[in-house]
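These are my notebook entries on a single protein chain. I set down each item I looked up, together with what I found.

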Amino acid sequence: MNPNKTSEQIVHDEKAQLDFSKDMSYGDYLQLDQILSAQKPLSPEHNEMLFIVQHQTSELWMKLMLHELRAAIAAVANDELPPAFKMLARVSKIMEQLVHAWDVLATMTPPEYSAIRPYLSNSSGFQSWQYRCVEFALGNKNAAMLKPHAHSALRLAEVQAAYEAPSLYDESLRLLARRGLPVPATHTQRDWTQPYAESTEVEQAWLTVYRNPEQHWDLYQLGEELTDLEDAFRLWRFRHVTTVERVIGFKRGTGGTSGVGYLRKMLDVVLFPEIWKLRTDL
């Protein structure tokens, strides 16, 4: 290779395709014209672009997260654990990306946010229908969270479907029962719209798995995938709280919640309680 070649000569030697007048290009495939024209700041402030891009990219990651979560739930329901493990591991990695995304938003100072806040009106991440579907898929069911989507029949139908469907943990417990573990019917045949209630019997079923991992290896691995997932979800929510406190302090949220106070309460929600409790009782 000639180290003195220009970049133009290198591209020519590579025979890279340069004419896309008749072929699909990278931008065409990704529909970049639509994506990159979707940032429409309402204020004259420089920093609003950061705020918009932060939330739009988070919604894209959540779209992928839902794609993976729904497929993983279906796989668990069909006793197809290897692909479910791959999907759940990917969901955990997506949450790691979302944790680090808060680092970028945290570069916005309180005066910078205060300058754009009036332009947000009552819009808030609290109203994210994709986030609500993620929470429902993970088992945090709450009928009140359907109301912010009632103005859109299409969105309400999607959130309602997630609300009424068995969660990832519900399907995991049904799998344990199919494998002969003593999961009570109250936890395998129930109203899926109701919040999950912790069960001593369910913990005993998981304890059987964790005390005999060689005998129940795939169920043991499922338990660890669930642990990884909730661990990542807790970090995501915690980073959200600290970023909001850093940027707006204890002001009320634009969506009407108490802001940091509400987010701190959400930190106390445990998705898979028996998975955590068994560690003490092993």
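Entry 1. Which backbone atom lies 3.3 Å from a polar atom of the side chain of Ser 167? I found that the atom is the backbone nitrogen of Tyr 169. I note at the outset that the model is predicted, and that the distance is computed from its coordinates.

I then looked up the setting of Ser 167. I located Ser 167 in the loop between helix H8 (153-164) and H9. Is Ser 167 buried or exposed? I recorded a relative accessibility of 2%, so Ser 167 counts as buried. Setting aside neighbours within four places in sequence, I listed its contacts as Ile 73, Phe 136, Ala 137, Leu 138 and Gly 139. I also checked one separation: the C-alpha atoms of Ser 167 and Ala 232 are 17 Å apart, with the two positions 65 residues apart along the chain.

Entry 2. I turned to the confidence of the prediction. The mean pLDDT of the chain is 91, and 95% of the residues score at least 70. Which element has the lowest mean pLDDT, and which the highest? I found the lowest in helix H1 (residues 7-14), at 74, and the highest in helix H9 (residues 168-178), at 98. I add a caution for later reading: where pLDDT is low, predicted coordinates should not be read in detail.

Entry 3. I surveyed the chain as a whole. I counted 13 helices and zero strands. I noted that 41% of the 282 residues count as buried. The C-alpha atoms fill a box of roughly 70 × 55 × 35 Å along the principal axes. I took the exposed area of the chain as about 15,800 Å², of which carbon and sulfur atoms supply 56%. Of the contacts between residues at least 6 apart in sequence, 69% join residues at least 24 apart. For charge, I recorded 29 positive and 36 negative charges, whose mean positions are 4 Å apart.

Entry 4. I examined Trp 102 and Thr 243 as a pair. I placed Trp 102 in helix H5 (residues 81-105) and Thr 243 in helix H11. Trp 102 has a relative accessibility of 9% and therefore counts as buried. Thr 243 counts as buried because its relative accessibility is 1%.

Which residues does Trp 102 contact, leaving aside neighbours within four places in sequence? I listed Gln 54, Trp 236, Arg 239, His 240 and Thr 243. From the other side, and with the same kind of neighbours set aside, I found Thr 243 in contact with Trp 102, Leu 105 and Ala 106. I also traced the side chain of Thr 243 to the backbone oxygen of Arg 239, at 2.8 Å. Arg 239 is thus one of the contacts of Trp 102 and also supplies the oxygen reached by Thr 243. For Trp 102 and Met 65, 37 residues apart along the chain, I noted a C-alpha separation of 17 Å.

Entry 5. I looked up Glu 203, which I placed in helix H10 (residues 200-211). Its relative accessibility is 4%, so Glu 203 counts as buried. What does the side chain of Glu 203 meet in a polar contact? I found the side chain of Lys 277, at 3.4 Å. Not counting residues up to four places away in sequence, I listed Glu 274, Lys 277, Leu 278 and Asp 281 as touching Glu 203.

I followed this to helix H13 (residues 273-281), whose buried residues are Pro 273, Glu 274, Ile 275 and Leu 278. Among the elements that cover these buried residues, I recorded H9, H10 and helix H11 (217-248).

Entry 6. I checked two residues with a positive phi that are not glycines. Gln 31 has a phi of about 50 degrees and is found in the loop between helix H2 (26-30) and helix H3 (32-36). Ser 121 has a phi of about 55 degrees and sits in the loop between helix H6 (110-116) and helix H7 (129-137). As to accessibility, I recorded a relative accessible area of 45% for Gln 31, which is therefore partly exposed. Ser 121, at 52%, is exposed.

Note on methods
Residues numbered from 1 in each chain as written. Predicted model: local features only at pLDDT ≥ 70, side-chain atom pairs only at ≥ 80, totals over all residues. Heavy atoms only, no water. Helix = DSSP H or I, 4+ residues; strand = E, 2+ residues; numbered from the N terminus. Buried < 20%, exposed > 50% of the residue type's maximum accessible area, 1.4 Å probe, protein only. Polar contact = N/O pair within 3.5 Å; in protein donor to acceptor, adjacent residues only side chain to side chain. Contact = heavy atoms within 4.5 Å. pLDDT = per-residue confidence, 0-100. Areas by Shrake-Rupley, 256 points an atom, 1.4 Å probe, with all protein chains shown as cover. Lys, Arg positive; Asp, Glu negative; His and termini not counted. Charge placed at Lys NZ, Arg CZ, Asp CG, Glu CD.
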